[in-house]
Amino acid sequence: MTTPTTVAGAVTVSLRDRLQQFLAFASLLVIFIVFSVASPNFLTYGNVLAILYSTVVIGTLALGTTFVIITGGIDLSIGTGMALCAVMSGVMIVNADFPLLLGVLGTILFGGLLGLINGVNVALLKIPPFIATLAMMLVAQGLALVLSHSTPIYFNDIPAYSKISRGNLIPDFPNAVIILAVVAVIAGVLLNKSTLGRYTYSIGSNEDATALSGIDVRKWKIIVYTFAGLFTGLAGLMISARLGSAQPATGTGYELQAIAAVVIGGTSLAGGKGSIVGTVIGALIISVLNNGLQILSIPQEWQNVILGCVILVAVYADMVRKKEA
Amino acid sequence: MNRRRFGAVLTAAAMALTVSACGGDDDAGGSGGEQPYIALVSKGFQHQFWQAVKKGAEQQAAKEGARITFEGPATEADVESQVTMLTNAIAKNPKAIGLAALDSKAAAPMLEDAKSRNIPVIAFDSGVEGDIPVTTASTDNKAAAAEAAKHLSGLLGGKGKVAMVVHDQTSKTGIDRRDGFIDWMKANAPGITLLPPQYGAGDQAKSADITKSIIASNPDVAGIYGANEGSAIGVVKGVEEASKKGIKIVGFDSGKAQIDAIKDGTMAGAITQNPVGIGEQTVAAAMKVIRGEEVPKVIDTGFFWYDKTNIDDPKIAAVLYQ
Amino acid sequence: MAFVDDDPEAASSATLLRAEGVSKSFPGVKALSEVHLDLRRNEVLGLVGENGAGKSTLMKLLSGIYQADEGEFFLNGERFAATSPRHAQELGISIIHQEFNLMPDLTVAQNIFIGREPRVGRFLLSERALNDKAADLIERLQLPLAPRALVGSLTVAKQQMVEIAKALSYDARVLIMDEPTAALNDAEVATLHELIQRFRSPDTGVIYISHRMDELKAISDRITVLRDGQYVATVDTRATTMKEVISLMVGRTLSSEARPEGVREDREVLLSVQGLSTKALLKDVSFDLRKGEILGFAGLMGAGRTEVARAIVGADKTESGTVLLRGKPVQIHSPADAAQYRIGYLSEDRKQYGLLLEQDVNANITISSIGELFSSLGFVKDRAMRVASQRSVESLRIKTPSILQTAKNLSGGNQQKVVIAKWLLKDCDIMIFDEPTRGIDVGAKEEIYALLNSLVDEGKSIIMISSELPEVLRMAHRVVVMSEGRITGTLDAAEATPESVMHYATLRPDENPEDAAELGLETLTQEEGER
């Protein structure tokens, strides 16, 4: 194969991606080391496990919404949507006596349904994603209360449900973390190696050009939002399995944390760039920070201040890196 | 394109009509109607506690022939939302208003407004600073928290490390339940070391994570106090997830999860308020004021310690909610 | 002049693509009115017309981006109507647009084969197969592209090559090229023409839209002329002079070309650049700009001319060098600083750097001058702005229904004029034009040239960067030639000929010691020899 002579100015994908991910990972490592040094209680098996465990719900939401953000959109409904899915899980499994497997699948698919509605609003009705998902956020919030009669639904009679999160397929290791890892790998493979992932990047990079290139942009946007909705359903499953109950009033604010994780991980809100590895690292950075600051007994008020600063620094560092590339 | 736009306009018009139709109902009950209208604004739906309050309020209203609405924001952290609801409630010109303030300072201007319109205010659950409320129907949270402290100290034999997971530090309940606990411990249990209070906004998952961090940094912690329903359940979950045995947990309020925890021994016991009683007393006091009768400045709705031994006692069972 | 459209018999069997009675309107403007076109087999058909004549619209109808209001299309005698770009591609009609349709965050290979990626199973993509396929295509077309390069990091010229590769990767029967060579240098144009010749066959045809008369002369068999949305004529290229074509396009004859009078050595030196170097490309660039002159900057693509301009106006960081304005050194760290010193820069990629596409013409023209001309006490003087915009539209003959028209709805050439109007309004003393007439039709070019000349007559000084040699030779009093980041030669009007400019533009002092010696530069081998 003839190698062209004037490749000099051109940057290849793999180089840039590797650099980005390496630096994000390095930041995580630095924070981790700082906390380990500052307190002997940090670097214990139990505490590291606690960190991973606390990442599960936000992490799952962040994985799904990474796709949406890469297309240049945004989904504000994932927090309350998660609560609604948890409620649906309760309605199906507890109230309507569905078999466990069916209920679990139903919850995830219900999340997909919410995503589908978002996708249709954004792609067909052309409502800006911010507005469309904001509306869905409110609808989901209300529906969660309506369907549950404002009362939590308890899964006490179905102990297998909690085991989804708290059980140990691997001894001393919670299932929830395994599920998060598996889902992260699937998301990563899909983003990098599937048509869904390719068109996600393409639409985010230049939607008009993608459409003119013969891709049905509307169809793919709907697919992306629906796909992200599956993650919302899964998050609803995971949080209700952890707590052993579906809490209808929870979830507000979770969407911003998920988006923060995505952004810290290097995904641009403008679309076209991002990675699953980055999102995972971003979610871990947030939970490591929360946990470490707690362990050091830093007053809780400061935690949000520090988190906000971290987001600023992470995004700025990312911008500087891209300019130099 | 045009068809779509037309459809959207049509939908919007239909929605607007529906909304105004709903809003119209309220005017009917206003001035000359039979049933006096009382607007109740609670702290929200995050905990089942408020459903119990609502039940008590509805029962009393039915008994006395009053009409009530019962609203609250989604979470107990949502101060702004509650202020908006309060403003809207006043705008409906009710005969009386009941308020469980998330932040009494934030509510102050609205209460001034209510006073200027001669709408009496009955505070419940959390008191409101100042003298605008005609009366306050609530639990004496400080005393209740002190009771919790007494029992926890008793369970620990008067010594050991104790942690607190509180819901917030802006509402009177948050402040009182924290301070009541701390004050009692300082005065009566010098052998107990108190760790600084942590705040979890009453979110169960967050409180669970916080509990695990507390345990990780203080492996010798002997007792943990959760100052409201969500915090307490979170503490129970956190201890479970950390697989730590032997920690004595004391909670607040009830709810199915707490009741189950007490029944199976993971939680030592809890303080319950009388939420149904709060609802009843609030509406009763409001009706008295509307009729022009005197009401006491403070209505103590009571609290009780309950644990495995007395949980089935009818007196206790009556004030617990699921 | 040999008209060839009145010969229906010869036409029918040899016709590959035909459009008849085509009309298309947009809100406020009738873009096409009963236009017809026919493309024969094995032919390259040039399509010309001033900006706004309807060429782009017609091509967008053919390629499925728009649907016609009236009229019919035939491919190989069969009626067709392309309902979408994908549909048109499937029919065998491939178009390369004037403005690129590329995804900057995807690689070259990913862009070329978007929607047609080689797969493993139904959903997973094979990146390796994709890159291999792209590499094969690139090699076949002999383009200097790397499959895994990010399109966003490529120069404008390379991006266009990606577009061309993409279009040619379909099994096209009709290839439509809309101003394909606007960003290519002569060598790249030659490559493209060679590609086109290879593409020609009894089953295929090319429609070639261009403003470059010399290219049309070289490559087309016939030329169709449109004017103001209507069909004018089709002529046989060999039997028609370009002047005749131009007069058909503009509906009038143009004055003959003039060349600038002599060098203006007696004028004061307004701007003096000394020792300018940047990390990326520039090495020790020094030159003077005299008052009232047009200083042309010639050279191959990538020689560094745009970089010089950007460095002067502070858009890029410099490592060393001084800029003297009227003899006094100035510190320019940003284009805002440059504007303060009355130095204006009109960039080459107007869509990205020059224009606010979502704003109207009025806003675009007045944006740089609001602070100075149109505001008092923080308030903006709307009426004065509109008056000034209207005047600009008239004097530059910008084709727009009104000054409130959104900029992105204007044709490419008129957009360029809007950007020029913006800088003219700013009343700069020194103006740097980077490819000022790219994508602008012949008639408008003349207007721009006349404008530039009147500006220097008023005493302004102009640096004109251009890849169109005829334009540089015609307009510049002196010509600075650059190659590989250095200034290799400065010629005055008399010395500047295509050959001499080309000679300096192709010197490569970093590769060839003889070239370095000619420029008086030391090379490594010389140094080593001395030791």
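**Chain B: two domains and an open sheet**

The domain assignment splits chain B into domain 1, covering 31-139 + 275-302, and domain 2, covering 141-273. The model is predicted. Domain 1 of chain B is thus written as two segments, while domain 2 of chain B is given as one range.

How far apart do the C-alpha centres of the two domains of chain B lie? The distance between them is 29 Å. The domains do touch: domain 1 of chain B brings 17 residues to the contact, and domain 2 of chain B brings 16 residues. Look at the domain 1 side of chain B by class. Facing domain 2 of chain B are nine polar residues, five nonpolar ones and three charged ones.

Now turn to the sheet. Chain B has an open sheet of six strands. Their order is S2-S1-S3-S4-S5-S12, and they pair in parallel. Which strands of chain B sit at the edges? They are strand S2 (67-71) and strand S12 (298-300), each paired on one side only. From one strand to the next, the twist averages 20°.

Next, take one pairing in detail. Strand S1 of chain B spans residues 37-41, and strand S3 of chain B spans residues 96-99. Four bridges join the two in the parallel sense. Leu40(B) gives a specific example: its bridge partner in S3(B) is Gly98(B).

Finally, add a helix to the picture. Helix H2 of chain B, residues 49-64, lies across S1 and S2 of chain B. Relative to S2(B), helix H2 of chain B runs at about 170°. S2(B), recall, is one of the edge strands.

Conventions:
Residues numbered from 1 in each chain as written. Chains lettered and ligands numbered in written order. Predicted model: local features only at pLDDT ≥ 70, side-chain atom pairs only at ≥ 80, totals over all residues. Pairing = 2+ DSSP bridges. Axes fitted to C-alpha atoms, helices over the stretch in contact; angles between N-to-C directions. Contact = placed C-beta atoms within 7 Å. Domains from an automatic or database assignment. Nonpolar A, V, L, I, M, F, W, Y, C, P; charged D, E, K, R; others polar.
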